[in-house]
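Colleague: Could you walk me through this one slowly? I am still learning how to read these.

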Amino acid sequence: MLSVKNLHASVDGKEILRGIDLEVGAGEVHAIMGPNGSGKSTLAYTLAGHPKYIVDSGQVLLDGEDILKMTPDERAKAGIFLAMQYPVEVPGVSMTNFLRTAKTEVDGKAPAIRTWTKELSEAMKRLKMDPKFATRSVNEGFSGGEKKKAEILQLLMLKPALALLDETDSGLDVDAVKTVASGIKAYHNADNALIIITHNAKILEGLQVDYVHVLDDACIVRTGDGSLVNEIIEEGFTALKEDEAK
Ligand code: ADP
Ligand code: MG
């Protein structure tokens with residue numbers, strides 16, 4: 001589904017991705033872990049098409065199509081979704097309006113109103129969000145946890161082919177992590193794929209993690225199976241690096 005080859009990117013002339021290779025197949029779950037500042041968010045932003053991140057070389061194909069030439073909205077229409085580490089507030093735009101407009105744009109047609117409304121209220125119930133959030137402005141005055149849930153609500157309603165989740169579990173209380181994880185599980189099926197950037201194992205619970213990639217200093221330094229998550233949590237990145245050096 002996604003094929004990233006030798007991707008180099010920079011911001012303000014500073015190289016912040018130095019040769020990323022990543023292959024993600026339909027139905028797969030990939031976890032990306034790595035120390036703060038290693039380039040995880042940069043990778044997510046670069047794939048989503050943030051204009052600040054300049055691709056210097058390399059290739060990114062989504063279902064064989066070169067997405068690097070596409071604008072962020074074209075990438076969203078092609079099936080890429082990014083749950084941001086720090087979701088932005090959009091005062092004056094209600095959650096329902098935002099979700100419905102986004103859905104209409106990515107699908108190229110408006111969703112049928114009755115099924116849409118039912119689906120929205122079910123998704124909000126699953127995420128334990130008060131129905132009142134539907135009429136509030138996007139993320140405005142939401143707590144950190146509520147913003148993260150609002151990202152997963154988008155995921156459930158937009159049903160993208162490829163979801164990039166950037167630390168959606170960071171800053172959440174234990175119950176909220178479980179709720180968010182159940183939302184991710186409800187979204188995931190054999191036709192879509194997930195790239196989950198995280199520092200914790202909880203958000204991955206209930207999912208079959210196919211690959212774990214460790215990002216360090218703008219490069220993927222190690223790739224392993226799901227068991228690598230706990231190894232990292234128990235031993236840390238420094239121990240991992242020392243092991244590699246041996
Ligand atoms: P992570 O998400 O792994 O914590 P980031 O991808 O946010 O790390 O950042 C990687 C590096 O790139 C950091 O050193 C960060 O300061 C730098 N960086 C990211 N975005 C910008 C930017 N817009 N301007 C300057 N430096 C940036
Ligand atoms: Mg980050």
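Modeller: Let us start with aspartate 166, which is buried and yet has no salt bridge, since the nearest side chain of opposite charge, lysine 40, is 6.8 Å away. Please keep in mind that this is a predicted model.

Colleague: How close would the two have to be for a salt bridge?

Modeller: A side-chain nitrogen of Lys or Arg has to be within 4 Å of a carboxyl oxygen of Asp or Glu, and for aspartate 166 the nearest side chain of opposite charge, lysine 40, is at 6.8 Å.

Colleague: Which element is aspartate 166 in, and what is it in contact with?

Modeller: Aspartate 166 is found in strand 9. If we leave aside the neighbours within four places in sequence, aspartate 166 is in contact with Ser41, Leu82, Ala83, Met84, Gln85, Lys148 and Ile197.

Colleague: Ok, and what coordinates the magnesium ion?

Modeller: The magnesium ion, ligand 2, is coordinated by the OG atom of Ser41 and the OE1 atom of Gln85, at 2.1 to 2.2 Å. Serine 41 lies in helix 1 (residues 40-48), while glutamine 85 lies in the loop between strand 6 (80-83) and strand 7 (90-94), so the pair ties together parts that are 44 residues apart in sequence. Ser41 and Gln85 are also among the contacts of aspartate 166 that I listed a moment ago.

Colleague: Are serine 41 and glutamine 85 buried or exposed?

Modeller: Serine 41 counts as buried, with a relative accessibility of 18%, and glutamine 85 is buried too, with a relative accessible area of 15%.

Colleague: Let's zoom out to the sheet of six strands. What order do the strands come in?

Modeller: The order is 6-9-10-3-11-12, in an open sheet with mixed pairing. Strand 6 and strand 12 (219-224) stand at the edges, and each has a single partner strand, so one side of each is left without a neighbour in the sheet. On average, neighbouring strands of this sheet are turned by 20° against each other, with direction ignored.

Colleague: How many bridges join strand 3 to strand 10?

Modeller: There are four bridges between strand 3 (residues 29-33) and strand 10 (residues 193-197), and these two strands run parallel. To give you a pair to look for, isoleucine 32 has isoleucine 197 in strand 10 as its bridge partner, and Ile197 is one of the residues in contact with aspartate 166.

Colleague: Which strands do helix 5 and helix 6 lie across?

Modeller: Helix 5 (residues 144-158) lies across strand 6 and strand 9 (162-166), and runs at about 165° to strand 6. Helix 6 (residues 174-187) lies across strand 9 and strand 10, and runs at about 155° to strand 10.

Colleague: Now the sheet of four strands. What is the order there, and is the pairing parallel or antiparallel?

Modeller: That open sheet has the order 2-1-4-5, and its pairing is antiparallel. Strand 2 and strand 5 (65-66) are the edge strands, each of which pairs on one side only. Inside this sheet, strand 1 (residues 2-11) and strand 4 (residues 54-62) pair over seven bridges, and valine 4 has valine 60 in strand 4 as its bridge partner.

Colleague: Where is isoleucine 20, and how far apart in space are isoleucine 20 and isoleucine 220?

Modeller: Isoleucine 20 has its place in strand 2 (residues 14-24), and at 0% relative accessibility it counts as buried. Isoleucine 20 and isoleucine 220 are 6.3 Å apart from C-alpha to C-alpha, although 200 residues separate them in sequence. Beyond its neighbours within four places in sequence, isoleucine 20 has contacts that include Val4, Leu43, Leu215 and Ile220.

Colleague: Back to salt bridges: how many are there in the whole structure?

Modeller: A search of the whole structure finds ten. In one of them, aspartate 73 pairs with lysine 77, with the closest N and O atoms 3.8 Å apart; the two are four residues apart in helix 2 (residues 72-78), which means that about one helical turn separates them. Aspartate 73 is partly exposed, with a relative accessible area of 43%, and lysine 77 is partly exposed at 42%.

Colleague: Any other pair I could look up?

Modeller: You could look at glutamate 231 and arginine 222, whose side chains meet in a salt bridge at 3.5 Å, N to O. Elsewhere, salt bridges that share partners join Asp73, Lys77 and Glu105 into one network.

Terms used:
Residues are numbered from 1 along each chain as its sequence is written. Chains are lettered from A and ligands numbered from 1 in the order in which they are written. This is a predicted model: local features need pLDDT of at least 70, side-chain atom pairs count only at pLDDT 80 or more; totals for chains, interfaces and linings use all residues. Side-chain values use heavy atoms; hydrogens and water are left out. Donors are N, O and S atoms within 2.8 Å of the metal (3.2 Å for Na, K and Ca); water is not among the atoms, so sites may look incomplete. Buried means under 20% relative accessible area, exposed over 50%, partly exposed in between (1.4 Å probe, protein chains only). Two strands pair if DSSP finds at least two bridges between them. Axes are lines fitted to C-alpha atoms, for helices over the stretch in contact, and angles run from 0 to 180 degrees between N-to-C directions. Contact means heavy atoms within 4.5 Å. Lys and Arg count as positive and Asp and Glu as negative; His and the chain ends are not counted.
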